[in-house]
Amino acid sequence: MHLIIALIMGGIIGWLAGMVMRDQGGIIWNVLVGCVGSIVGRFLFGALSHDNHLRENPFDPMTLLVAFLGAVVLLAIYNLVRRGSLR
C-alpha cells in the first residue's frame, strides 16, 4: 500500500514541478521526476539540516515541500543538460 501511495504522490509532485518548469511529460515521466526528486530533496535537505523528521511522516507539509523542491531542482538540472537552458 505504501508503494501505491508513493507513486501517486510522486506523480502529483512531478506534475506540479513540471508545471512550474514548463516541462510537459507523460504520467510515467511525472512519477519518475516526483519520486527521484523526492529522494534528491530529502537527501539534500537532510544533509544540510541534519533532520530525520523528513523520513518519519510522508504527508508532513515540510516533507512535501522538500520533495517538490527536489523535483524542481531535478528538472532544472535535466533542462540544463538536455536543452542548454533552465527554461
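Buried, in this tour, means under 20% relative accessible area, whereas exposed means over 50% and partly exposed covers what falls in between. With that cut-off in hand, begin by selecting Asn-79, whose place is in helix H3: at 0% relative accessibility, Asn-79 counts as buried, because the value is under the 20% limit. Keep in mind throughout that the structure on screen is a predicted model.

**The whole chain**

Before going further, zoom out and colour by secondary structure, which shows 3 helices and 0 strands in the protein chain. Read from the N terminus on, the elements run α-α-α. The chain has 87 residues, of which 31% count as buried. If you display the accessible surface, its area comes to about 5800 Å², and 73% of that surface belongs to carbon and sulfur atoms. A contact map adds another view: among contacts between residues at least 6 apart in sequence, 60% join residues at least 24 apart.

**Back to Asn-79**

Return to Asn-79 and add Met-21 to the selection. The two residues are 58 residues apart along the chain, while their C-alpha atoms are separated by 9.0 Å. Met-21 belongs to helix H1, which spans residues 2-21, and Asn-79 sits in helix H3.

**Where H1 crosses H2**

Next, select helix H1 (residues 2-21) together with helix H2, and draw their axes if your viewer allows it; these axes come within 6 Å and cross at roughly 100 degrees. H1 is therefore roughly perpendicular to H2, since angles of 65 to 115 degrees are counted in that class. To see which residues make the contact, show Ala-6, Leu-7, Gly-10, Gly-11, Ile-13, Gly-14 and Trp-15 on the H1 side, and Asn-30, Val-31, Val-33, Gly-34 and Cys-35 on the H2 side. Colouring these residues by class gives 7 nonpolar, 5 polar and no charged residues in the contact of H1 with H2.

Within this contact, centre the view on Asn-30, which is found in helix H2. Is Asn-30 buried or exposed? At 10% relative accessibility, Asn-30 counts as buried. Leaving aside its neighbours within four places in sequence, Asn-30 is in contact with Gly-10, Gly-11, Gly-14, Trp-15 and Gly-25; of these partners, Gly-10, Gly-11, Gly-14 and Trp-15 are also listed on the H1 side of the contact between the helices.

From here, step to Gly-26, which lies in the loop between H1 and H2. Gly-26 is partly exposed, with a relative accessible area of 42%. A distance drawn from the C-alpha atom of Gly-26 to that of Gly-11 reads 9.8 Å, for two residues that are 15 residues apart in sequence.

**Along H2**

Continue to Ser-38, also found in helix H2, which counts as buried at 16% relative accessibility. Not counting residues up to four places away in sequence, Ser-38 touches Val-33 and Ala-67. Val-33 is one of the H2 residues that make the contact with H1.

Then select Gly-46, whose place is likewise in helix H2 and which is buried, with a relative accessible area of 13%. Add Val-66 to the view: Gly-46 and Val-66 are 20 residues apart along the chain, and their C-alpha atoms are separated by 9.6 Å.

**Into H3**

Now move to Leu-64, placed in helix H3, which at 27% relative accessibility counts as partly exposed. Leu-64 and Gly-10 are 54 residues apart in sequence, yet the distance in space between them, C-alpha to C-alpha, is 9.8 Å. Gly-10 has been met before on this tour, as one of the H1 residues in the contact with H2.

**The aromatic pair**

For the last stop, how many aromatic pairs does a search of the whole structure find? The search finds 1 aromatic pair. To see it, select Trp-29 and Tyr-78, whose rings lie 5.1 Å centre to centre with 55 degrees between the planes, an arrangement classed as tilted. Trp-29 lies in helix H2 (residues 27-49) and Tyr-78 in helix H3 (residues 61-83), so the pair ties together parts that are 49 residues apart in sequence. Both partners can be checked for accessibility as well: Trp-29 counts as partly exposed at 27% relative accessibility, and Tyr-78 is partly exposed, with a relative accessible area of 29%.

Terms used:
Residues numbered from 1 in each chain as written. Predicted model: local features only at pLDDT ≥ 70, side-chain atom pairs only at ≥ 80, totals over all residues. Heavy atoms only, no water. Phe/Tyr/Trp six-rings, centres within 6.5 Å; stacked < 30°, edge-to-face > 60°. Helix = DSSP H or I, 4+ residues; strand = E, 2+ residues; numbered from the N terminus. Buried < 20%, exposed > 50% of the residue type's maximum accessible area, 1.4 Å probe, protein only. Axes fitted to C-alpha atoms, helices over the stretch in contact; angles between N-to-C directions. Parallel < 35°, antiparallel > 145°, perpendicular 65-115°, else oblique. Contact = heavy atoms within 4.5 Å. Nonpolar A, V, L, I, M, F, W, Y, C, P; charged D, E, K, R; others polar. Areas by Shrake-Rupley, 256 points an atom, 1.4 Å probe, with all protein chains shown as cover.
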